[in-house]
Amino acid sequence: MKISLTGSGGFVGQNLLQKLISDGHHVKVLSSSDTGNHKNVTVIKGTLSSDHTILEPFINDADFIINCAGEIIDENKMEATNIHGVQNLLDIINIKKKDIKWIQLGSAGIYKRNYYTEKDYEYVTEDSEIHTDNYYEKTKWYADNILLNASRNKSLRVYILRATAIYGKDMPNDSLRRLIKHIKQRFFFYIGSKDNILSYLHVDDLTDLIVSIISSQPSYSGVYNISNDSKISQTVNEVTDLLEIKKINLVINHKFAKLIAKILPKVLNIPLTDSVIRALTCRSIIDSSKAVRELGYKPKKPIYKYIYELIKLS
């Protein structure tokens, strides 16, 4: 297959590129920097904001476009990369009237979720309410809608993979390393329940799914939630076992947690923020059953079994 890949220098993109090379695909990567010399890899110097003279050769003859690019830090660049970059490629596809398949790395962070409750779990499907104050998430959602509208043209088949937090030994996000550190220092406690949900996805499970979509080319398309959720206690217990320390059983209610959040950061330098409290009190499960059913998604690396990859480096 001929693949056009964006974001090849990122956490997901690097992992995916190696698998595409191993499978013998011919890959064009859009990059502003050198990605090294690889067999069957052509580097097109540029970004999603480049003009058509660069983007057109990037997607020329491609069977699949895989967009793993995304600006997550600089809000001033988010719209240009996450929204206009997608539109730039679509404009070329429309002009050339190309038949092409597009795999878009989206975000499950756009959904409304339940926190601070002891009620039964809520399952978040692809049709669940969208609600986010995060500008990055908003730009990803906007890009999803652009692609879905464009896919009404039958020459474009779109697979939007709304992934939860992606982890692995080289992950740039420091959230799990901080969790391990606080467990090790005995600063961790449960908020509300030990059975609250952690929504994480191993990078290999995501990239294996993308490789599978390329090889099988399923007739289905659209939006797919991609996650491998588990109870927070499973991961915490695994960390304590690996560190050979006593298990943690302390559970406090969320109101008390919000109260001490005003004190602990100043006294002990522990970043117990509202966002951390939300992460530890989530009662929503990201439902990936549609991806299982239509794409053959089979996650193999739950966080509580593979957290050891990060403990080795902590």
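**Pocket, sheet and helices in a predicted model**

Trainee: How much space lies in the second largest pocket?

Mentor: This is a predicted model, and in it about 180 Å³ of space lies in the second largest pocket.

Trainee: Which residues line it, that second largest pocket?

Mentor: The lining is made up of F11, Q14, N15, G168, K169, D170, H202, V203, D204, K301 and E309. Two elements, α1 (11–22) and α6 (203–216), are those that give two or more residues to this lining, and α1 gives the most, with three residues.

Trainee: And how do the residues of that lining divide into nonpolar, polar and charged?

Mentor: Two of the lining residues are nonpolar, four are polar and five are charged.

Trainee: Changing topic to the sheet: what is the order of the strands?

Mentor: The open sheet has seven strands in the order β3-β2-β1-β4-β5-β7-β12, with parallel pairing. Its edge strands are β3 (41–45) and β12 (222–226), each of which pairs on one side only, and neighbouring strands are turned by 20° against each other on average, with direction ignored.

Trainee: How many bridges join β1 to β4?

Mentor: Strand β1 (residues 2–6) and strand β4 (residues 64–67) run parallel and are joined by four bridges; taking one residue as an example, S4 has I65 in β4 as its bridge partner.

Trainee: Which strands does α3 touch where it packs on the sheet?

Mentor: Helix α3 touches β4, β5 (100–107) and β7 (156–163), and its direction makes about 170° with that of β5. Helix α6, which also contributes to the pocket lining, lies across β1, β4, β5, β7 and β12 and runs at about 165° to β7.

Trainee: Back to α3, then: at what angle do its axis and that of α4 cross?

Mentor: The axes of α3 (residues 75–96) and α4 (residues 135–150) cross at roughly 10° and come within 9 Å. Angles under 35 degrees count as roughly parallel, so α3 is roughly parallel to α4.

Trainee: Which residues make that contact?

Mentor: On the α3 side they are E75, M78, E79, N82, I83, V86, Q87 and L90, while α4 contributes Y135, Y136, T139, K140, Y142, A143, I146, L147 and A150. Sorted by class, the contact has 11 nonpolar, three polar and three charged residues.

Trainee: One last residue: where does K290 lie, and what does it touch?

Mentor: K290 lies in helix α11 (residues 289–295), and, leaving aside residues up to four places away in sequence, K290 touches E126, V223, Y224 and L295. In the case of V223, the two residues are 67 residues apart in sequence, and their C-alpha atoms are 9.0 Å apart in space.

Technical notes:
Residues are numbered from 1 along each chain as its sequence is written. This is a predicted model: local features need pLDDT of at least 70, side-chain atom pairs count only at pLDDT 80 or more; totals for chains, interfaces and linings use all residues. Side-chain values use heavy atoms; hydrogens and water are left out. On a 1 Å grid over the protein atoms alone, a cavity is a set of points where a 1.4 Å probe fits but cannot get out, and a pocket is an open set with protein on both sides within 12 Å along at least five of seven lines; lining residues have an atom within 4 Å of a point. Grid points are joined across faces, edges and corners, and a volume is the space filled by probe spheres set on the points. Ala, Val, Leu, Ile, Met, Phe, Trp, Tyr, Cys and Pro count as nonpolar, Asp, Glu, Lys and Arg as charged, and the others, Gly among them, as polar. Axes are lines fitted to C-alpha atoms, for helices over the stretch in contact, and angles run from 0 to 180 degrees between N-to-C directions. Angles under 35 degrees count as roughly parallel, over 145 as roughly antiparallel, 65 to 115 as roughly perpendicular and the rest as oblique. Contact means heavy atoms within 4.5 Å. Two strands pair if DSSP finds at least two bridges between them.
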